[in-house]
Amino acid sequence: MKTVKQWKRVGRRIETKYGISYSMYQNIHYWMKKNFGKAGKCENENCSGKSTKYGWALKIGYIYEKNRENFVMLCSSCHSKQDTTEFQRKKMSKLWKGATREYHYVPIIVEKNGIKTRYPSIKSFLEESGLKRSSVKDVLYGKNKTLFGNKISYAN
Ligand SMILES: [Zn+2]
């Protein structure tokens, strides 16, 4: 299981992945421990029980602040799982948005029998030709040279 790093160095500052400074991050964790003690169990219902190391974890969708309600006790196995899924979800949604934008708005050039035609988007070309989306990508990304004789490239 890959763990997501909790902080990064930005120039002379240390920023956390939560958009707060590292000292604020430590401050809140210290406050949690002082007021609510050390985390002593895992509150994930589907916990595998693999780890006996516990800690306070920010609930998904909550922000870092001095509020007990924003935190949950997790074992380190569940914690890293939560971090990874949240991280991957964000990454996937970013990728997906990019792909959708490309599909609808990025112009392409299709060349067949020496004749070049410009289409405002992959979508418009597919609608006209009746071809499948995935196969167009194979040509655009260089996996295949042509698609039924069509050479496809980005317009710019
Ligand atoms: Zn757990």
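Is C42 buried or exposed? In this predicted model, C42 has a relative accessible area of 18%, and because the cut-off for a buried residue is under 20%, C42 counts as buried. This cysteine is a good place to enter the structure, since C42 is one of the residues that hold the zinc ion.

The metal site comes next. Four sulfur atoms coordinate the zinc ion, namely the SG atoms of C42, C47, C75 and C78, at 2.3 to 2.4 Å. Along the chain these donors are spaced as C-x4-C-x27-C-x2-C. Two of them, C42 and C75, tie together distant parts of the chain, with 33 residues from one to the other. C42 sits in the loop between α1 (22-36) and β3 (54-58), whereas C75 belongs to strand β4 (residues 71-75). What arrangement do the four donor atoms make around the zinc ion? The angles they subtend run from 104 to 117°, so the arrangement is tetrahedral. For comparison, the ideal angle for four tetrahedral donors is 109.5 degrees.

C75 also leads into the strand that carries it. With a relative accessibility of 0%, C75 is buried, and the rest of β4 follows suit: five of its five residues are buried. The cover extends to both faces of the strand, with F71, M73 and C75 on one side and V72 and L74 on the other. This division fits a general pattern, in which the side chains of a regular strand alternate between the two faces of the sheet. Strand β4 runs antiparallel to β3, and five bridges join the two. Among the paired residues are Y54 and its bridge partner in β4, C75. The zinc donor C75 thus takes part in strand pairing as well.

A further link involves helix α2 (residues 76-105), where Q82 is found. Q82 has a relative accessible area of 15% and, because this value is under 20%, is classed as buried. The side chain of Q82 reaches the backbone oxygen of L58 at 2.8 Å. L58 is itself part of β3 (54-58), so this contact connects helix α2 with that strand.

On a wider view, the protein chain is divided into domain 1 (7-83) and domain 2 (87-154). The C-alpha centres of the two domains lie 42 Å apart.

Attention now turns to a second group of strands. Strands β6, β5 and β7 form an open sheet of three strands, in the order β6-β5-β7 and with antiparallel pairing. Why is one side of β6 and of β7 left without a neighbour in the sheet? β6 (115-119) and β7 (151-154) stand at the edges, and each has a single partner strand, so one side of each remains unpaired. From one strand to the next, the twist averages 25°.

The pairing within this sheet can be followed residue by residue. Four bridges join β5 (residues 108-112) to β7 in antiparallel fashion. Here V110 has I152 as its bridge partner, and I109 is matched with S153. Towards β6, strand β5 makes five bridges, again antiparallel, including one that pairs E111 with K116. The hairpin of β5 and β6 has two residues between the strands, and within this hairpin N113 takes a positive phi near 50°.

Notes. Residues are numbered from 1 along each chain as its sequence is written. This is a predicted model: local features need pLDDT of at least 70, side-chain atom pairs count only at pLDDT 80 or more; totals for chains, interfaces and linings use all residues. Side-chain values use heavy atoms; hydrogens and water are left out. Domain bounds come from an automatic or database domain assignment. Two strands pair if DSSP finds at least two bridges between them. Axes are lines fitted to C-alpha atoms, for helices over the stretch in contact, and angles run from 0 to 180 degrees between N-to-C directions. Donors are N, O and S atoms within 2.8 Å of the metal (3.2 Å for Na, K and Ca); water is not among the atoms, so sites may look incomplete. Four donors count as tetrahedral if all angles lie between 85 and 135 degrees; four count as square planar and six as octahedral if opposite donors are over 155 degrees apart and all others between 65 and 115; anything else is irregular. Buried means under 20% relative accessible area, exposed over 50%, partly exposed in between (1.4 Å probe, protein chains only). A polar contact is a pair of N or O atoms within 3.5 Å; within protein, one must be able to donate a hydrogen and the other to accept it, and residues adjacent in sequence count only if both atoms are side-chain atoms.
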